[in-house]
Every structure is written in C-alpha cells, then in structure tokens.
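User: I am new to reading protein models and would like a close look at one part of this one. Could you take me through the open sheet and what packs on it, and then turn to the nonpolar cores?

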Amino acid sequence: THWKHGGIVGVTGYGGGVIGRYTDLPEEFPMVNEFHTMRVNQPSGWYYTSDALRTLCDIWEKHGSGLTNMHGATGDAILLGTTTEHLQACFNDLSEAGWDLGGSGSNLRTPSCCAGPARCQNACIDSLDLCHNLTNTFQDQLHRPSFPYKFKIKISGCANDCVASTARADLSIIGTWRDAIRIDAEAVKEYAAKGYDIQGLVVEKCPSQACSYDAEAQEFVVDNPNCVRCMHCINKMPKAL
C-alpha cells in the first residue's frame, strides 16, 4: 500500500477520532497528499433519519472527499479523506449539527450494539439503551486516549450476536433470558406433521445435548440446567419455542 500513518493530527480537546493518513507518493498524487479519516460516533443500533444522513453527508462534501464507509468495524460512520486545514472546521460543523467523534488509537473505541428491541423480537435486553449509556459514561476514555491498547465494547440483545461481539470485541455483552425455555407442544406437533427433521436439525445440533425428542409421542424436551442458551433450537423452531 502507498498509504502511511504519519504525524499527529486532530481537533481541539480530542485525542481520538481523527486518523492521519498520507500518501508516500505526494508528487504523483498531490490531491491525496493528506487524506485524513474522521470517525463519527454512530447512534445506537445505527438508526438514522434521512435528514440526519443528508446533514452528515453535506458537511463531509463541504470539508472532505465525500467518500464514506457506513460503517467501520467498530461501528462509527467513517469519513474518508480530508486535509489538516479542514479538520477543525469539519468538527465544528459536525458538533453544531449534533454529531460527535468516535474513538481511535490506543483507547476505548465507540461502543456499538444490535438493532435491539426496536426491531427484533429475540432481544432479551435493551441493547440500544445500554449502548447509549455506556457511550455517555465513557466519553473521556473515548476522546482522550488513556489505554495502553484499543478496547472494544459490543452489545447483542440475544445469543444470535448480530454484532459479532464474541469475535470482535474485548468486552462482549450478550442478553439472555432468566427462566426456562417455554415449549408450545402443539406447535412442535405441527413441525413434525410437516416432515421437519426435529431430531437431525435440532436435537443432534445442540452443543450441550440439552434437548431430546420423542418421535412417537412428538414431544420435545429441554434440559434447562444444561442448556447453554445458544438459541439454536429457538432459531430452528421459532413457533414452538
């Protein structure tokens, strides 16, 4: 790659949120001699209005290349390509419009979460509210790097883990249920009547062998104390469990 990190650039009062990028071929590509990235803190669950996105893009068209990455691995809205002289002015306009920068460098990265109870019936916790509260609580760690290395927090409302928190975060918060799995016996029989392979697709795929199926009686049973709450059976038979 001909991109290199070099120099320290940023905006007043912030130690993160801006990533300095330079090309090592400035004579050949003078227009991208400086092509800094700005990370904008995303709303919980990535819920935007069209007006909010238009405002964000208008600001970036004014101060940067207009290129965006929606979204980066951490969750931020990534604004790709601006010069040092435009950084502070862009930040000022973003702040005036209600936006803030996310985390970068050796510090806490912007917390992110799944769509949560606003869109998903599987959500066991309010991932949106928790993400919002954590983001507000750790503003200092986001904007003024104090960690020896980057640290990511991701929140999933259930074990389906749509934000891949277990794979991509240092602190994974995953919602689960408190009581036993409720079984609709009649719905189980409906699955069986339609020829659904409950034994092969559900029971034999259980990672802790915590469920069983009596084909003759068409009865599905969960051994709740040994259930690891992976949600495989729920995903396979959502009408019954």
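Analyst: What follows goes through the sheet, then the helix that packs on it, and then the cores. Please keep in mind that this is a predicted model.

The open sheet consists of three strands in the order β7-β8-β9, and their pairing is parallel. In general, the strands of a sheet pair through backbone hydrogen bonds, and the pairing can be either parallel or antiparallel. At the edges lie β7, residues 112–113, and β9, residues 171–174, each of which pairs on one side only. Strand β8, which covers residues 153–156, runs parallel to β9 and is joined to β9 by four bridges. Within this pairing you can find isoleucine 153 opposite leucine 171 of β9. Helix α3, residues 127–137, packs on the sheet and touches β7, β8 and β9, while its direction makes about 160° with that of β8.

Turning to the cores, the largest nonpolar core has 22 residues, and those that touch the most other members are Ile198, Phe220, Met237 and Leu241. The elements α6 (185–193), β10 (211–214), β11 (219–222) and α8 (232–236) each give two or more residues to this core, and α6 supplies the largest share, four residues. To see one member in detail, look at phenylalanine 220: leaving aside residues up to four places away in sequence, its contacts include Ile183, Val188, Ile198, Cys211, Tyr213, Met237 and Leu241. Separate from this core is a second one of 18 residues, with Tyr14, Met38, Leu87 and Leu94 among them.

Key
Residues are numbered from 1 along each chain as its sequence is written. This is a predicted model: local features need pLDDT of at least 70, side-chain atom pairs count only at pLDDT 80 or more; totals for chains, interfaces and linings use all residues. Side-chain values use heavy atoms; hydrogens and water are left out. Two strands pair if DSSP finds at least two bridges between them. Contact means heavy atoms within 4.5 Å. Axes are lines fitted to C-alpha atoms, for helices over the stretch in contact, and angles run from 0 to 180 degrees between N-to-C directions. A nonpolar core is a set of buried Ala, Val, Leu, Ile, Met, Phe, Trp, Tyr and Cys residues joined through side-chain atoms within 4.5 Å. Buried means under 20% relative accessible area, exposed over 50%, partly exposed in between (1.4 Å probe, protein chains only).
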